[in-house]
Protein chains: 2
Amino acid sequence: MNKTIINRLLVNRNNNHLFKRTYSSVGNKIPRDPKYAVINSKDIDYFRSILKDPNQILTDKDDVDPFNCDWMKKFKGNSQLVVKPKTTEQVSKILSYCNEKKIAVVPQGGNTGLVGGSVPVHDEIILSLANMSKVESFDPITGVVTVQAGCILENIENYLVPLGYTVPIDLGAKGSCQIGGNASTNAGGIRLLRYGSLHGSILGVEAVLADGTVLDCLSTLRKDNTGYDLKQLFIGSEGTLGVITKLSFITPPKPTSVNVALFSCHSFDRVQQVLIRAKKQLGDILSAFEFMDRPCIDLVLKHQAGTREPFDDSTPFYVLMETSGFNEVHDGEKLSSFLESIMGDELIVDGSVATDSKNMTSFWKLRETITESLGKEGATYKYDLSLPIDQFYQLVAVMREKLDGKALVYGFGHVGDGNLHLNISTPNQSYSKDMLDMIEPFVYEYTSKHRGSISAEHGIGAMKSQHLHFSKSDPAIHLMKSIKHAMDPNNILNPYKVLPQ
Amino acid sequence: MNKTIINRLLVNRNNNHLFKRTYSSVGNKIPRDPKYAVINSKDIDYFRSILKDPNQILTDKDDVDPFNCDWMKKFKGNSQLVVKPKTTEQVSKILSYCNEKKIAVVPQGGNTGLVGGSVPVHDEIILSLANMSKVESFDPITGVVTVQAGCILENIENYLVPLGYTVPIDLGAKGSCQIGGNASTNAGGIRLLRYGSLHGSILGVEAVLADGTVLDCLSTLRKDNTGYDLKQLFIGSEGTLGVITKLSFITPPKPTSVNVALFSCHSFDRVQQVLIRAKKQLGDILSAFEFMDRPCIDLVLKHQAGTREPFDDSTPFYVLMETSGFNEVHDGEKLSSFLESIMGDELIVDGSVATDSKNMTSFWKLRETITESLGKEGATYKYDLSLPIDQFYQLVAVMREKLDGKALVYGFGHVGDGNLHLNISTPNQSYSKDMLDMIEPFVYEYTSKHRGSISAEHGIGAMKSQHLHFSKSDPAIHLMKSIKHAMDPNNILNPYKVLPQ
């Protein structure tokens with residue numbers, strides 16, 4: 001989701017009756033914990049004294065409101081205060097004070113999440129990292145970059161590209177999301193297939209703990225086996241264990257040769273066969289392997305100007321594949337030989353390779369505008385699941401049968417990573433408790449039964465904290481709680497999120 | 001270090017007066033903590049009752065002794081008991097009992113570590129994972145393998161190769177080391193450059209906690225953002241937070257085209273330039289970039305039969321580079337064009353590409369037999385450091401000047417990962433406190449001053465626990481201790497290791 005798309009959605013939602021009832025209003029909201037202090041004017045005076053610049057504190061309702069709500073307007077909090085520190089020291093002073101006074105805090109990056117993790121549930125104060133947006137250093141020998149947490153992902157990419165490097169993650173939200181949020185949520189995206197997860201790419205983290213302690217694990221070393229790898233705790237814990245203020249990560253050399261291909265397939269089984277061949281025959285140049293079912297294509301064709309039917313015949317499944325390498329001739333030859341192989345064995349019905357950037361963009365548009373197109377239809381119930389490959393698409397069929405026409409079911413996602421985006425759309429309707437009850441907890445139970453993950457890449461946030469047990473055992477949740485208690489005994493950091501109450 | 005080499009060293013050490021004084025005997029050994037119980041016959045009876053098979057319990061001194069000592073005979077403990085469970089349930093019962101009775105436990109894999117992490121410091125009982133050595137499952141679509149912790153690394157490789165896959169780590173010790181130990185120590189090795197660290201490759205871990213709780217985080221999913229990523233805690237914590245019993249990890253398709261090249265260089269600066277070009281021009285096929293200084297070459301030529309001077313002229317630096325890909329023609333073309341580039345700009349003095357597997361092996365022998373050759377010289381003080389690239393080789397020069405001929409200084413390692421193996425050899429001498437005092441803490445202080453790591457890949461173990469502060473801040477060590485306390489309040493798991501007392 002790039003900035004333009006988000007901005008378009010922001011315009012849409014303001015004019016759209018569909019969003020009057022939020023997802024969080026139809027779900028069960030956890031009540032406010034009375035142990036937290038309600039902020040008063042003395043607190044605000046204190047924050048003013050440490051932040052100096054008046055622009056670093058927002059207290060007017062109109063100023064605070066955009067921070068209270070996620071970009072989809074699915075989740076809405078009631079905070080009265082946004083603080084926007086510029087330095088790690090200021091973050092430290094804010095948290096130290098909040099810990100002492102038992103003031104709950106929600107850290108917020110680009111606020112592009114999908115599970116309500118970055119907005120308050122009640123009146124938590126909002127700690128925005130937007131003012132910490134510097135690229136601090138880059139080493140052209142090792143390719144290691146060090147950045148402040150508030151750097152927007154696309155800005156880091158724009159910084160690196162002229163130097164011949166690229167960021168190892170890429171998301172639709174790159175124009176708005178911040179790298180600290182990417183790390184805190186262990187964001188996935190389309191490059192995970194190629195460059196692996198952030199648990200491998202991130203080399204160092206500076207984080208501020210709940211009591212204000214600055215934890216400097218900001219290594220730029222590729223290898224460092226000295227004690228527990230503490231930085232891992234902050235990757236994917238959604239701001240509940242500390243606030244990431246800086247991080248360093250490996251950036252790979254930017255590929256100089258890119259190809260995009262689109263295929264149509266008769267069955268999901270053949271999609272899998274194409275994937276196996278791609279991994280074997282294309283090896284390291286395979287950089288994306290995304291799939292969409294036919295309803296997704298129909299939806300995009302309906303809502304997106306300039307898109308057109310990709311092939312003569314309609315088929316149930318489509319694959320968008322990308323290769324990225326460093327030698328145009330070699331990559332072209334590998335791709336040709338791969339295409340011959342899958343066409344010769346009739347694994348695909350039709351296929352097309354983009355020959356210029358305009359065509360590449362139009363292929364990617366079929367995949368990248370699905371979410372936006374769903375937004376134009378009505379309330380969408382979004383599930384981001386990992387499932388074993390043999391169960392991967394089965395759930396879409398099961399949901400279609402179960403919902404029996406009461407809603408439309410769409411399946412797409414990062415099939416190369418086993419990550420299905422299951423989207424259930426109710427055109428021209430707002431979120432409804434009845435529909436939610438038809439979907440949940442069934443979809444989680446199904447996923448759990450097949451040892452899948454109820455959140456592949458979106459995280460838990462406020463949306464799924466009560467469902468965590470579907471993917472994690474009691475001893476695992478117990479251990480998570482022990483760690484949370486050891487690191488944030490007053491539970492001031494991002495309360496009501498991630499862990500079940 | 002493969003099995004043959006280890007076996008050869010085992011023979012050597014038994015006949016070698018050099019090893020009479022151990023490294024641990026000249027360092028400062030931490031006294032036994034009296035809070036731990038001394039095991040008695042009732043304890044042994046209990047273990048017999050749960051383990052059933054008499055071969056699963058060793059109590060004879062001759063049987064236990066090999067488990068008390070590391071393969072280099074640098075570290076020696078005084079355990080009276082080895083237990084060798086066959087199932088996770090047995091591990092759970094053992095730990096539950098030990099936790100209740102305050103019996104200290106050292107988990108042991110292949111016992112190939114270099115920092116005394118897998119042998120007892122005093123009389124801890126030894127929990128060997130050797131009987132848990134099954135490959136449990138492999139998914140040919142995703143390439144995910146699930147194994148018991150006691151699987152020997154080379155056995156997993158031998159299982160995978162016929163299926164077209166390979167393990168993402170490779171170590172000299174592959175013939176003896178166990179995958180559970182690799183995970184517990186976050187082992188690095190020569191493939192890290194290509195496939196990244198185990199924090200990225202490992203997908204799931206089953207571990208038994210100190211109180212016997214079985215923690216099932218044995219996911220085989222590529223993506224799973226549901227709560228804290230607990231498995232990361234066990235990767236690199238050297239058995240102090242739990243005993244890994246099973247794990248799953250991604251295996252990449254096995255490259256079908258491999259090239260090995262050897263270069264000589266006038267300066268370390270040119271080694272760096274060659275590395276930068278290799279990363280840019282070879283891209284993803286670059287799979288190893290190792291360097292050795294001239295003294296290493298001289299040492300190997302002296303001790304290894306069948307090795308010979310690689311080039312006409314002797315130079316101060318040598319690089320061993322490997323490419324691995326899936327297309328012989330393409331890889332050959334990329335390599336040729338890279339060689340033209342580095343020769344044209346005179347970055348190397350001489351170079352040679354291995355054309356057959358015999359030559360490849362002889363090139364690798366120059367790098368892989370350095371450690372064994374050092375063992376034949378006398379006591380060696382080994383340091384495994386990460387340093388910023390501009391300081392990388394400087395330390396070798398500094399140590400040569402400081403020691404002023406009293407010892408020989410060798411520098412080699414994984415320059416592509418910033419990982420220097422600094423080896424200080426005192427021919428025909430045993431370990432001496434005077435020599436140790438000339439090296440330490442200086443070498444750690446130097447590394448710390450340049451924000452390096454005092455243990456790039458070998459870990460902390462018993463050897464460096466008192467030196468952890470050179471690489472980690474007080475708040476970081478404090479947090480590690482909090483986590484240790486939360487997870488193992490009786491401190492029964494691998495005591496005296498990793499964390500400073």
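Throughout these views, buried means under 20% relative accessible area and exposed over 50%, with partly exposed in between (1.4 Å probe, protein chains only). The model is predicted, so local features need pLDDT of at least 70 and side-chain atom pairs count only at pLDDT 80 or more, whereas totals for chains, interfaces and linings use all residues. Residues are numbered from 1 along each chain as its sequence is written, chains are lettered from A and ligands numbered from 1 in the order in which they are written, and side-chain values use heavy atoms, with hydrogens and water left out.

**View 1. K73(B) and its positive phi.** K73(B) is not a glycine, yet its phi is positive, near 60°. The residue is found in the loop between α4 (61-68) and β2 (82-83) of chain B, where helices (H or I, at least four residues) and strands (E, at least two) are DSSP runs, numbered from the N terminus. With a relative accessibility of 26%, K73(B) counts as partly exposed.

**View 2. N491(B) in the segment after α19 of chain B.** N491(B), which is likewise not a glycine, has a positive phi of about 55°, and the helix that precedes its segment, α19, spans residues 474-487 of chain B. Its relative accessible area is 22%, so N491(B) is partly exposed. Most residues other than glycine have a negative phi, and most peptide bonds are trans.

**View 3. The cis peptide bonds that lead into P441(A) and P441(B).** In chain A, the peptide bond from E440(A) to P441(A) is cis, with omega near 0°, and P441(A) lies in the loop between α17 (433-439) and α18 of that chain. In chain B, the bond from E440(B) to P441(B) is also cis, again with omega near 0°. P441(B) lies in the loop that runs between α17 (433-439) and α18 (442-449) of chain B.

**View 4. The packing of α16(A) against α18(A).** The axes of α16 (residues 394-403) and α18 (residues 442-449) of chain A come within 12 Å and cross at roughly 150°; axes are lines fitted to C-alpha atoms, for helices over the stretch in contact, and angles run from 0 to 180 degrees between N-to-C directions. The two helices are therefore roughly antiparallel to each other, a term for angles over 145 degrees, as against roughly parallel for those under 35, roughly perpendicular for 65 to 115 and oblique for the rest. Their crossing is right-handed, meaning that the near helix is turned clockwise from the far one by less than a right angle, whereas an anticlockwise turn would be left-handed. Contact between them (heavy atoms within 4.5 Å) involves Q394(A), L395(A), V398(A), M399(A) and K402(A) of α16(A), which meet F442(A), V443(A), Y446(A) and T447(A) of α18(A).

**View 5. An open, antiparallel sheet of chain A.** Five strands of chain A form this sheet in the order β5-β6-β9-β7-β8, two strands being taken to pair if DSSP finds at least two bridges between them. At its edges stand β5 (135-139) and β8 (214-217), each of which pairs on one side only, and neighbouring strands of the sheet are turned by 10° against each other on average, direction ignored. Between β7 (residues 202-208) and β8(A), which run antiparallel, there are four bridges, and V208(A) stands opposite V214(A) of β8(A).

**View 6. The enclosed strand β11(B) and its partners.** Eight of the eight residues of β11 (residues 286-293) of chain B are buried, so the strand is largely enclosed by the rest of the structure. Seven bridges pair β11(B) with β12 (residues 317-325) of chain B in the antiparallel sense, and among them D293(B) has F317(B) as its bridge partner. A further antiparallel pairing, over two bridges, joins β11(B) to β15 (residues 408-414) of chain B, where M292(B) stands opposite F412(B).

**View 7. The surroundings of I202(B) in β7 of chain B.** I202(B) is found in the strand that spans residues 202-208 and, at 2% relative accessibility, counts as buried. Not counting residues up to four places away in sequence, I202(B) touches A183(B), K231(B), I235(B), L247(B), S248(B) and F249(B). Its C-alpha atom is separated by 8.7 Å from that of Q232(B), which is 30 residues apart from I202(B) along the chain.

**View 8. Two buried cysteines, C217(A) and C69(B).** The structure holds zero disulfides over all chains, a disulfide being a pair of cysteine sulfur atoms within 2.5 Å. C217(A) is buried at 12% relative accessibility, and the closest cysteine sulfur, in C151(A), is 20 Å from its own, too far for a bond. C69(B), with a relative accessible area of 5%, is buried as well, and its sulfur is 18 Å from the closest cysteine sulfur, in C177(B), which is too far for a bond.
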